[in-house]
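Work through the exercises below with the structure open. Try each task before reading its solution.

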Amino acid sequence: MKAAVIKEWGKPLVIEDVPIPTIGPGEVLVKINVSGVCHTDLHIWKADWAGAKAIQEATGVRIIGHEGAGVVKEVGPGTTLISPGERVAIGWYNYVCGVCEYCMQGLPHWCPNAKYTTLHVPGTFAEYTKVHERVAIKIPDGIKDEEAGPAACGGGTSYGAVRKLITIAHLPPRKWVAVIGAAGGLGHIAVQVAKAFGYKVVGVDLEPKRVEFVEKLGVDLAVDATKPEEAIKLIKEKTGGGVHAAVVETPAIGGYDLAIKILRPVGYMVVVGCPGDAEGPIPITPFINVVTGIRIIPSMVAMPYEYKEFFDLILEGKVKYHIEAIEPLENLNKIFKELEERAYVGRKCVKP
Ligand SMILES: [Zn+2]
Ligand SMILES: [Zn+2]
């Protein structure tokens with residue numbers, strides 16, 4: 001099968017013919033129709049995160065991509081939840097055990113036995129990818145593959161992050177929520193989910209053309225943070241003293257710095273976007289944390305019950321995906337460059 005393969009970290013991916021994955025008990029083989037391109041792919045390709053690279057060095061997996069959607073071609077022995085011919089999406093989680101203390105608490109994100117698509121199991125920038133039935137995301141009728149693929153990571157991640165404002169922060173509707181990195185593949189979804197939940201939304205991004213796109217998403221305030229001091233002043237003025245919560249979607253540490261400065265006291269910062277290790281930690285000292293009362297909520301991808309809710313929002317027309325383009329797999333190196341330069345808004349997909 002055709003796949004985009006990392007030969008050297010950060011060097012152009014090479015399109016190669018590789019064996020189709022073999023499936024074991026409970027696993028399903030998916031013929032990938034489209035795969036979204038996530039900023040995480042860029043980080044992993046460049047080996048920006050030491051932890052991720054260490055796993056890949058051990059497993060030898062060099063095919064990335066974790067926003068695939070397609071059709072189940074084959075199922076392994078003992079598979080009971082999924083049948084051949086069903087449409088599924090594949091996200092970051094490729095396997096969770098279902099029986100450890102985290103899985104049993106409904107927090108399989110921290111399953112110590114978890115396997116990740118891209119790190120442990122070859123990813124979706126390929127004609128076929130396998131996934132365990134437990135974490136295969138069933139695609140409802142009415143959801144297109146180019147929505148379901150990007151939903152498997154970016155969309156679900158954004159939904160899961162904003163959802164925590166209700167389940168963890170107990171933040172009522174009509175409060176101000178800032179989405180930082182609002183024009184991106186994750187951010188443009190977070191903005192719409194926050195609006196659907198009844199929040200007043202500040203969409204923050206860089207450069208006029210991206211902010212224009214954010215305006216069209218129905219935000220209450222769109223802000224260009226190219227000049228951060230001006231942006232902070234404007235947001236504080238318009239929100240009457242700062243936002244109640246900031247969802248940081250951008251994988252840049254500057255986004256966290258901005259969030260800390262626009263939050264009102266005892267506000268919530270939801271941590272989503274992961275910059276490369278070289279950018280350093282979230283810039284908040286214990287002193288600043290204590291005096292501002294900022295509460296930090298980490299949020300990692302989504303789980304099957306959240307995808308169902310998220311797909312409902314799309315089906316109800318409350319969230320619309322912006323798919324900038326679906327391009328051939330061969331264009332992946334070009335797309336990585338564009339993504340790095342923030343050259344497009346929303347999501348791009350590739351077709352293997
Ligand atoms: Zn587990
Ligand atoms: Zn991702």
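**Exercise 1. A residue in a helix**

Is E230 buried or exposed?

*Solution.* Note that this is a predicted model. Start with the location: E230 sits in helix 7, residues 228–238. Next, take its relative accessible area, which is 53%. The cut-off for exposed is over 50%. E230 is therefore exposed. Finally, place it relative to A343: the two are 113 residues apart in sequence, and their C-alpha atoms are 24 Å apart in space.

**Exercise 2. A bridge between loop and helix**

Find what the salt bridge between K46 and E340 ties together.

*Solution.* Begin with the contact. The side chains of K46 and E340 form a salt bridge, with N to O at 2.4 Å. K46 belongs to the loop between helix 1 (39–45) and helix 2 (50–59), and E340 to helix 11 (residues 332–340), so the pair joins parts 294 residues apart in sequence. Now check accessibility. K46 has a relative accessible area of 32%, so K46 is partly exposed. E340 is partly exposed too, at 41%.

**Exercise 3. A bridge between strand and loop**

Classify R347 and E67 as buried or exposed, and locate both.

*Solution.* First, the distance: the closest N and O atoms of the R347–E67 salt bridge are 2.7 Å apart. Second, the location. R347 lies in strand 17 (residues 347–351), while E67 lies in the loop between helix 2 and strand 4 (68–75). The pair links distant parts of the chain, 280 residues apart. Third, the accessibility. Buried means under 20% relative accessible area. R347 has 4%, so R347 is buried. E67 has 0%, so E67 is buried as well.

**Exercise 4. Further salt bridges**

How many salt bridges does a search of the whole structure find? Which residues are linked in a network?

*Solution.* The search gives 23 salt bridges. One of them pairs D205 with R210, with closest N and O atoms 2.8 Å apart. Both D205 and R210 are buried. For the network, list E327, K334, E338 and K348, which are linked by salt bridges.

**Exercise 5. A nonpolar patch**

Which residues form a nonpolar patch on the surface, and what is their accessible area together?

*Solution.* The members are F287, I288, V290 and V291. Together they have about 420 Å² of accessible area. Now take V291 alone. V291 is part of helix 9, residues 286–292. Its relative accessible area is 52%, so V291 is exposed.

Note on methods:
Residues are numbered from 1 along each chain as its sequence is written. Chains are lettered from A and ligands numbered from 1 in the order in which they are written. This is a predicted model: local features need pLDDT of at least 70, side-chain atom pairs count only at pLDDT 80 or more; totals for chains, interfaces and linings use all residues. Side-chain values use heavy atoms; hydrogens and water are left out. A salt bridge is a side-chain nitrogen of Lys or Arg within 4 Å of a carboxyl oxygen of Asp or Glu. Helices (H or I, at least four residues) and strands (E, at least two) are DSSP runs, numbered from the N terminus. Buried means under 20% relative accessible area, exposed over 50%, partly exposed in between (1.4 Å probe, protein chains only). Patches are made of residues with over 30% relative accessible area and no salt bridge: like charges are joined within 9 Å, nonpolar side chains (Val, Leu, Ile, Met, Phe, Trp, Tyr) within 5 Å. Accessible areas come from the Shrake-Rupley method with a 1.4 Å probe; for residues, only the protein chains shown count as cover.
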